[in-house]
Amino acid sequence: THPLSAGALAAAITKRTKAILPVDLYGRHARMVAISEIAGRYGLPVIEDCAQSQGACSDGRMTGSLSRLGCFSFYPTKNLGALGDAGAIVTDDAALAERLRQLRTYGWDRKYHNALPGGINSRLDELQAAILRAKLPHLDGWNQQRRTIAGWYGELLQAVPGISLPEDAPDHVYHLYVIQVHGGRRDAFKQALAERGVGTDIHYPLPAHLQPAFDDLGYEPGELPVSERLAETVLSLPCYPELTRAEVEAVAAA
């Protein structure tokens with residue numbers, strides 16, 4: 001939701017950088033045109049994380065179509081979800097597509113012949129494919145209902161002090177409806193809602209640069225202050241297509 005600073009992004013690009021991986025967080029399309037322009041300056045590919053933005057459209061282009069690769073998750077809670085774990089990658093690069101097909105099947109170039117290192121068993125099984133195929137025609141309608149629910153929240157919560165609501169945008173598909181709770185009150189706010197029967201979650205409580213898995217990158221607290229501040233204030237309210245107006249009003253009342 002913050003303006004993209006070309007200078008700040010360029011300063012972050014080092015010789016170690018191999019690609020830029022923007023995330024369509026919470027269902028809003030990243031600023032792919034601006035990001036692609038910066039990436040082009042440095043000869044870097046862009047790989048878009050579309051896990052939370054199925055069906056989003058920006059500048060007349062669908063999510064995943066403005067990058068070298070678009071990576072989708074079909075985890076059951078996503079806007080388009082399977083019955084179990086599933087995912088897909090889209091690309092218009094034929095050679096890259098063929099390489100990915102090999103990597104998802106042990107690295108085979110033919111049966112039982114492992115031609116590529118790093119191959120795994122990562123094929124979408126037929127059951128998940130059938131479920132996704134049946135659900136896909138409903139995606140646009142479900143996304144529109146998510147926008148409607150976000151509109152209800154905006155109407156009902158705009159006068160509540162001490163919180164900030166997400167900035168609306170035409171391309172937002174509201175995988176999550178995430179508010180910010182200020183004044184160091186987020187955890188107490190979450191507990192108070194739980195006591196009133198409203199389930200919430202924190203997406204996400206620890207920024208990526210402070211995760212133990214990335215200790216080798218050498219980041220210290222305070223180096224990405226916006227990310228760190230958001231991790232202390234964000235709170236996800238219930239948001240899914242079946243949510244009724246009465247249920248949203250109950251959340252707002254709580």
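Helix α7 packs its buried residues against three neighbours: β9 (177-181), α6 (186-195) and β10 (234-237). The helix itself covers residues 225-233, and the buried positions in this stretch are Glu228, Ala231 and Thr233. Keep in mind as you look around that this is a predicted model. Buried here stands for under 20% relative accessible area, so Glu228 makes that cut even though it is a glutamate.

Now move over to the sheet. Three strands make it up, and they run in the order β1-β4-β5. The sheet is open, with mixed pairing. At its edges sit β1 (47-49) and β5 (87-90), each of which pairs on one side only. If you compare strand directions while ignoring their sense, neighbours in this sheet are turned by 15° against each other on average.

As background, strands in a sheet are held side by side by backbone hydrogen bonds, and the pairing can be parallel or antiparallel. You can find both senses by starting from β4, residues 69-73. With β1, the pairing is parallel and runs over 3 bridges. Two places to check on that side: Glu48 stands opposite Gly70 of β4, and Asp49 has Cys71 of β4 as its bridge partner. Turn to β5 instead and the pairing with β4 is antiparallel, over 4 bridges. There, Phe72 has Ala88 in β5 as its bridge partner.

How covered is β4? Mostly: 4 of its 5 residues are buried. In general, side chains along a regular strand alternate between the two faces of the sheet.

From β5 it is an easy step to the second largest pocket, since that edge strand turns up again in the lining. Both β5 and α3 (94-103) supply at least two lining residues each. Which residues lie nearest the centre of this pocket? They are Gly87, Ala88, Ile89, Arg104 and Ser122, out of 19 residues that line it. Ala88 is thus a handy landmark, being also the bridge partner of Phe72.

The space in this second largest pocket comes to about 520 Å³. As for the chemistry of its lining, the split by class is 9 nonpolar, 5 polar and 5 charged residues. If you are sorting the central residues by these classes, note that Gly counts as polar, so Gly87 goes in with the polar group.

Note on methods: Residues are numbered from 1 along each chain as its sequence is written. This is a predicted model: local features need pLDDT of at least 70, side-chain atom pairs count only at pLDDT 80 or more; totals for chains, interfaces and linings use all residues. Side-chain values use heavy atoms; hydrogens and water are left out. Buried means under 20% relative accessible area, exposed over 50%, partly exposed in between (1.4 Å probe, protein chains only). Contact means heavy atoms within 4.5 Å. Two strands pair if DSSP finds at least two bridges between them. Axes are lines fitted to C-alpha atoms, for helices over the stretch in contact, and angles run from 0 to 180 degrees between N-to-C directions. On a 1 Å grid over the protein atoms alone, a cavity is a set of points where a 1.4 Å probe fits but cannot get out, and a pocket is an open set with protein on both sides within 12 Å along at least five of seven lines; lining residues have an atom within 4 Å of a point. Grid points are joined across faces, edges and corners, and a volume is the space filled by probe spheres set on the points.
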